[in-house]
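Please look over the chain below before reading on. The report works from its overall layout down to single side chains.

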Amino acid sequence: MSWGTDLWDQFENLDKHTQWGIDFLERYAKFVKERLEIEQAYAKQLRSLVKKYCPKRSKDDEPRFTSCLSFYSILNELNDYAGQREVVAEEMGHKVYGELMRYSQDLKAERKHHLQEGRKAQQYLDQCWKHMDNSKKKFERECKEAEKSQLIYERLDNDINATKSEVEKAKSQLYLRQHMAEESKNEYAAQLQNFNSEQWKHFNAAIPQIFKNLQDMDERRTVKLGEMYRSFAEVERRVIPIVSKCLEGMVTAAKNVDERRDSGIVVESFKSGFEPPGDFPFEDFSQNIQRTGSDGTIGTPKTEGGKPDPKHTVGRAKNKLWLFGKKPKAPTLEDLSHLPPEQRRKKLQQRIDELNKELQKEMDQRDALNKMKDVYEKNPQMGDPGSLQPKISETICNMEKLRSEIHKNESWLAEVEGKHGSRSERRPSADVNHHAPHGRESPEGSYTDDHSQEHRSPPQPDPHEFDDEFDDDDPLPAIGHCKALYSFDGSNEGTLVMNENEVLYVIEEDKGDGWTRVRKQGGEEGYVPTSYVEITLEKNSKGS
């Protein structure tokens, strides 16, 4: 079926139909736009919902229960699902809505061109018809004038009173009119033949081609709509695998809920470590009342002197009403002694682990700064080595503070666990790279030959840190000697006062905590900062 042959006379209706087709395409494009806006709003609301129920938490508030972890896993999967809805909206906007709007503009331009060609062909045919009609009317007028001239000539020719000149004049007028009528006839015949030819071309060639172009355009529009329908569905189909994974993740999270594990976490979180209270003794207040021999006595255990068992008294005072009433809130202490033993142990261990991580960061930063300083010293054009000195000093100070904190917390932890290890065992996180046997390291951690710089004292150690190191009566043998690079006041217990350039005996190497045990010429022993001295060990002691 062809519009050009079957609809040769339906130009106006085809004009309306093609306009309706473009309007329908744009209507579908509007539908797609509203759909993608719904997807965008849906995704935004899902993300807001996830953010609302997954607020920012501190490290201590991180959930440990499987039910909580599963719920947050579901929230993460839902967030990914929202991302897929955003992908759907984006793909619809780019591959469907955008493509439809571009195609609509192309259709409008093409339709306008075809309709203009049709109107031009119609206008040309109308013009040919006008020329033909004008020549026809002129031929009709000329024929009437010729007939009128013939009647006048015949009347004068039969009139005996008419002069010869009048008859000749009428005769010449007749010939003129007949000649003009003949020319009009020939012109009319030519115009008629031309009009018929143009009309045949119009309805058999021009209009069928124009209508065929309109038909092709409309069919392409229909095919395009089918492709867009399919693309619309494909956008949804492409996200189905990922959406299915999100749903599978939610199902997996639901399966990971473990009531036994959650119950164990409750026990682990709130276990105090205390023993349950013992039985309350019977307190007999009737012992001072005289009884007859026949009076029965209550068979209750008696304590010596009529006094209650002090063990039970202590237990009662310690646990009074805590099981059935509100436990008084203890003030928070630095050593966490206000907590039950089990909880105190966990908190101390957690604090020690965090301090160790911070100490490692400071050590890495110190090493990096020292390397950078060495590079600056070898290549002055790259930077000023002195500009790094304040940061190096600050880093070393932070390291000493962290070591002190770690030692303090490890002492509390050993107290809780009932362990009394040696000083080196209580400091596993010390800086093993702090000791430099053959270098000259200033308190700030940089190597220098300038002895005139300002002397700095190390961070104040624990007053009882070195108490257990001097319990032995036998003096330790010297394993080397050292030279003081800086003065040290030794104001804390267990440390030793030394002056700059003073030579001391080394009796114990730095075990990684930044302190070296030395002895003066007079026999006085103590600890000094390793970074304050230049150490030379005996050859037979270096490998030991």
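What follows covers the fold, the helices, the cores and the aromatic contacts.

**Overall layout**

This is a predicted model. The chain has 544 residues, and 34% of them count as buried. It contains nine helices and five strands. Starting at the N terminus, the order is α-α-α-α-α-α-α-α-β-β-β-β-β-α. Eight helices thus come before the strands, and one helix follows them.

Contacts often span long stretches of sequence. Among contacts with a separation of 6 or more, 74% join residues 24 or more positions apart. The exposed surface of the chain is about 34,900 Å². Carbon and sulfur atoms supply 52% of that area.

**Two helices with kinks**

Helices α3 and α4 can be set side by side.

| Helix | Residues | Span, first to last C-alpha | Expected span | Kink |
|---|---|---|---|---|
| α3 | 93 residues | 135 Å | 138 Å | about 35° at glycine 93 |
| α4 | 92 residues | 133 Å | 136 Å | about 45° at histidine 202 |

In α3, the span is close to the value expected at 1.5 Å a residue. The span of α4 is likewise close to its expected value. Each helix nevertheless carries a kink: α3 has one centred on glycine 93, and α4 has one centred on histidine 202.

**The cores**

Which residues have the most contacts inside the largest nonpolar core? They are Tyr28, Val32, Met92, Leu100 and Phe211, in a core of 37 residues. Three helices each supply at least two residues of this core: α2 (11-53), α3 (66-158) and α4 (164-255).

Leucine 100 shows how such contacts are made up. Beyond its neighbours within four places in sequence, leucine 100 is in contact with Leu25, Tyr28, Ala29, Val32 and Met228. Another core lies apart from the largest one. That second core has 18 residues, including Ala484, Val506, Val518 and Leu537.

As background, nonpolar side chains in soluble globular proteins tend to be buried together.

**A buried glutamine**

Glutamine 215 sits in helix α4. Is this residue buried or exposed? Its relative accessibility is 10%, below the 20% cut-off, so glutamine 215 counts as buried. Leaving out residues up to four places away in sequence, glutamine 215 touches Met1, Ser2 and Trp3.

**Aromatic pairs**

The structure holds 12 aromatic pairs. One of them joins phenylalanine 71 and tyrosine 72. Their ring centres are 5.8 Å apart, with 50° between the planes, and the pair is tilted. The two partners differ in burial. Phenylalanine 71 is partly exposed, at 37% relative accessible area, whereas tyrosine 72 is buried, at 18%.

A second pair is made by tyrosine 486 and tyrosine 532. Here the centres lie 5.6 Å apart and the planes meet at 70°, so the pair is edge-to-face. What does this pair tie together? Tyrosine 486 is in the loop between β1 (480-484) and β2 (503-508), and tyrosine 532 is in the loop between β4 (525-529) and β5 (533-537), so the pair ties together parts 46 residues apart in sequence. Both tyrosine 486 and tyrosine 532 are buried.

There is also an aromatic cluster, formed by Tyr28, Phe31, Tyr229 and Phe232. Tyr28 belongs to this cluster and is also named among the residues with the most contacts in the largest core.

Technical notes. Residues are numbered from 1 along each chain as its sequence is written. This is a predicted model: local features need pLDDT of at least 70, side-chain atom pairs count only at pLDDT 80 or more; totals for chains, interfaces and linings use all residues. Side-chain values use heavy atoms; hydrogens and water are left out. A nonpolar core is a set of buried Ala, Val, Leu, Ile, Met, Phe, Trp, Tyr and Cys residues joined through side-chain atoms within 4.5 Å. Buried means under 20% relative accessible area, exposed over 50%, partly exposed in between (1.4 Å probe, protein chains only). Helices (H or I, at least four residues) and strands (E, at least two) are DSSP runs, numbered from the N terminus. Contact means heavy atoms within 4.5 Å. Accessible areas come from the Shrake-Rupley method with a 1.4 Å probe; for residues, only the protein chains shown count as cover. The expected span of a helix is 1.5 Å times one less than its number of residues. The bend at a residue is the angle between axes fitted to the seven residues ending there and the seven starting there. Rings of Phe, Tyr and Trp (its six-membered ring) pair if their centres lie within 6.5 Å; planes under 30 degrees apart count as stacked, over 60 as edge-to-face and the rest as tilted.
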